[in-house]
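Here is my note on the model, point by point. Please read it with the structure open.

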Amino acid sequence: MGKGILVFAEQEEGKVRKVTFEILSEAKKIADKKGEQLCAVCLGKDIAGLGDKFAPYGADKVYLVDHETLGQYTSDAYAKALTDLIIKEQPSIVLFGATINGKDLSAKVAARVSAGLASDCTEMKLDDSGNFCVRRPIYAGKVLADVGFQNTDIIMASIRPNVLIASEPDTSKTAEIESIIPEISADNIKVKVLEVVKASAGKVDLTEAEIIVSGGRGMKGPENYKMLDELAEVIGATVGASRAAVDAGWKDISDQVGQTGKVVSPNLYIACGISGAIQHYAGMGTSKVIVAINKDEEAPIFSKCDYGVVDDLFRIIPPLTEELKKMMAD
Ligand SMILES: Cc1cc2nc3c(=O)[nH]c(=O)nc-3n(C[C@H](O)[C@H](O)[C@H](O)COP(=O)(O)OP(=O)(O)OC[C@H]3O[C@@H](n4cnc5c(N)ncnc54)[C@H](O)[C@@H]3O)c2cc1C
């Protein structure tokens with residue numbers, strides 16, 4: 001038995017992020033091929049109830065790291081607790097979701113344990129020689145780099161949400177659960193979170209959304225996003241925006257998709273009145289199906305989409321919403 005693959009099981013307010021199950025499912029195949037144990041590590045406060053969430057997706061062992069200071073994510077407390085566990089258990093591979101917290105934590109922990117880290121990956125596998133490797137978009141998604149690792153005892157990677165497929169959970173599976181009380185002292189914490197203000201309560205986070213309807217400068221003004229909200233409501237989507245729309249003050253920065261916004265990989269991305277600049281594409285280019293609605297047939301988005309509608313979005317979206325509403329009702 002090798003040293004094992006460890007997956008950082010990200011949770012927020014007691015709810016495990018979907019990307020955790022996606023990574024566990026794919027990591028299970030790799031662990032089986034390598035003959036290694038698959039472990040999940042969940043950090044938080046009062047998280048005993050989460051212990052049985054990971055075995056159905058392949059975890060053989062679950063570490064529950066429970067501490068007062070882990071209730072709210074801070075890189076200081078999380079990095080201390082996770083670094084200590086990694087030093088003790090010496091896994092061969094540590095995987096994170098490429099979420100905001102996952103990217104922050106993986107970088108800090110990789111530096112502390114001198115691990116090689118590839119961030120924001122879209123694939124992971126064993127190559128023909130059985131070495132772990134990943135694929136990651138670079139240069140704003142223009143190039144895909146296949147990355148291997150060398151001269152590192154621990155390999156680390158963060159994987160984008162929604163690019164791997166979670167297996168059907170097998171609820172008959174159980175895992176060994178080890179509860180850990182980490183040694184975190186006040187000296188370890190340099191930042192105190194005073195308040196968390198949620199920009200969009202109740203909505204599926206853009207990075208985890210399976211369908212996204214995004215609006216750009218072509219929406220003409222904030223009042224017209226109501227049209228996208230209605231479409232999103234009908235098809236269960238989350239509404240995103242281009243930077244032009246955010247810079248204009250029409251949408252919140254937390255809704256921005258792109259190089260300087262969120263990186264998303266939904267099953268369906270509907271770009272409305274978005275030209276398709278490379279910086280926007282960098283954030284949504286790995287979407288499984290891209291649909292563009294744009295009145296300019298020369299817009300770059302049409303060279304990147306799977307389906308394109310060359311027309312005025314104000315003419316297309318309201319009847320589309322009505323038709324979809326009827327279809328959904330049937
Ligand atoms: C360092 C850097 C980082 C950046 N990061 C990001 C980022 O994270 N995300 C991002 O989005 N951008 C980012 N940008 C900006 C990016 O370059 C583009 O300026 C931006 O994406 C353009 O947004 P847009 O497509 O909404 O607007 P535009 O490029 O102005 O396109 C608007 C589109 O709407 C169409 N349109 C207009 N009216 C209608 C209508 N009635 N019906 C249908 N179509 C219509 C037009 O034909 C046009 O194609 C970044 C730029 C830089 C330099």
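1. G236 comes just after α4 and takes a positive phi of about 70 degrees. Keep in mind throughout that this is a predicted model. The helix before G236 has a well-defined buried set: Y225, M227, L228, L231, A232, V234 and I235 are buried in α4. Those buried residues pack against β13, β14, α5, β15 and α7.

2. Next, the sheet. Five strands form an open sheet in the order β14-β13-β15-β16-β17, and the pairing is parallel. Its edges are β14 (238-241) and β17 (307-310), each of which pairs on one side only. On average, neighbouring strands are turned by 15 degrees against each other, direction ignored.

3. One pair in detail. β13 (residues 211-215) and β14 are joined by four bridges in the parallel sense. Within this pair, I212 has T238 of β14 as its bridge partner. Helix α4 (residues 225-235) packs on the sheet and touches β13, β14 and β15 (268-272). The direction of α4 makes about 170 degrees with that of β13.

4. A further helix on the sheet is α7 (residues 313-329), which touches β15, β16 (289-294) and β17. Its direction makes about 125 degrees with that of β16. Note that α7 is also one of the elements against which the buried residues of α4 pack.

5. Is K220 buried or exposed? K220 sits in the loop between β13 and α4. It counts as exposed because its relative accessibility is 54%, and the cut-off for exposed is over 50%. K220 still has partners beyond its sequence neighbours: leaving out residues up to four places away, it touches W250, K295 and F314. K220 and V246 are 26 residues apart in sequence, yet their C-alpha atoms are 12 Å apart in space.

6. Now the second largest pocket. Its volume is about 460 Å³. The lining has 28 residues, and the closest to the pocket centre are G216, R217, G273, I274 and S275. Which elements give two or more residues to this lining? They are α5 (243-247), α6 (278-284) and α7. By class, the lining divides into eight nonpolar, 13 polar and seven charged residues. Glycine is counted as polar here, a point to remember for G216 and G273.

7. The antiparallel part deserves its own point. β8 (residues 123-126) and β9 (residues 132-138) run antiparallel and are joined by four bridges. L126 stands opposite F132 in β9. The two strands form a hairpin with five residues between them. In that turn, G130 has a positive phi of about 85 degrees.

8. β9 continues into another hairpin, with β10 (residues 143-147) as the antiparallel partner over five bridges. I138 stands opposite V143 in β10. Four residues lie between β9 and β10, and Y139 in the turn has a positive phi of about 50 degrees.

9. T122 precedes this region, in the loop between β7 and β8. Is T122 buried or exposed? T122 is buried because its relative accessible area is 11%, and buried means under 20%. Leaving aside neighbours within four places in sequence, T122 is in contact with R135, R136, P137, R160, V163, L164 and T286.

10. Two more backbone entries should be checked by eye. D120 has a phi near 60 degrees, a positive value in a residue other than glycine. D120 belongs to strand β7 (residues 116-121). With a relative accessible area of 13%, D120 is buried.

11. The other entry is Q90. Its phi is near 50 degrees, again positive in a residue other than glycine. Q90 lies in the loop between α2 (75-89) and β6 (93-97). Where D120 is buried at 13%, Q90 counts as partly exposed at 32% relative accessibility.

Definitions and conventions:
Residues are numbered from 1 along each chain as its sequence is written. This is a predicted model: local features need pLDDT of at least 70, side-chain atom pairs count only at pLDDT 80 or more; totals for chains, interfaces and linings use all residues. Side-chain values use heavy atoms; hydrogens and water are left out. Buried means under 20% relative accessible area, exposed over 50%, partly exposed in between (1.4 Å probe, protein chains only). Two strands pair if DSSP finds at least two bridges between them. Axes are lines fitted to C-alpha atoms, for helices over the stretch in contact, and angles run from 0 to 180 degrees between N-to-C directions. Contact means heavy atoms within 4.5 Å. On a 1 Å grid over the protein atoms alone, a cavity is a set of points where a 1.4 Å probe fits but cannot get out, and a pocket is an open set with protein on both sides within 12 Å along at least five of seven lines; lining residues have an atom within 4 Å of a point. Grid points are joined across faces, edges and corners, and a volume is the space filled by probe spheres set on the points.
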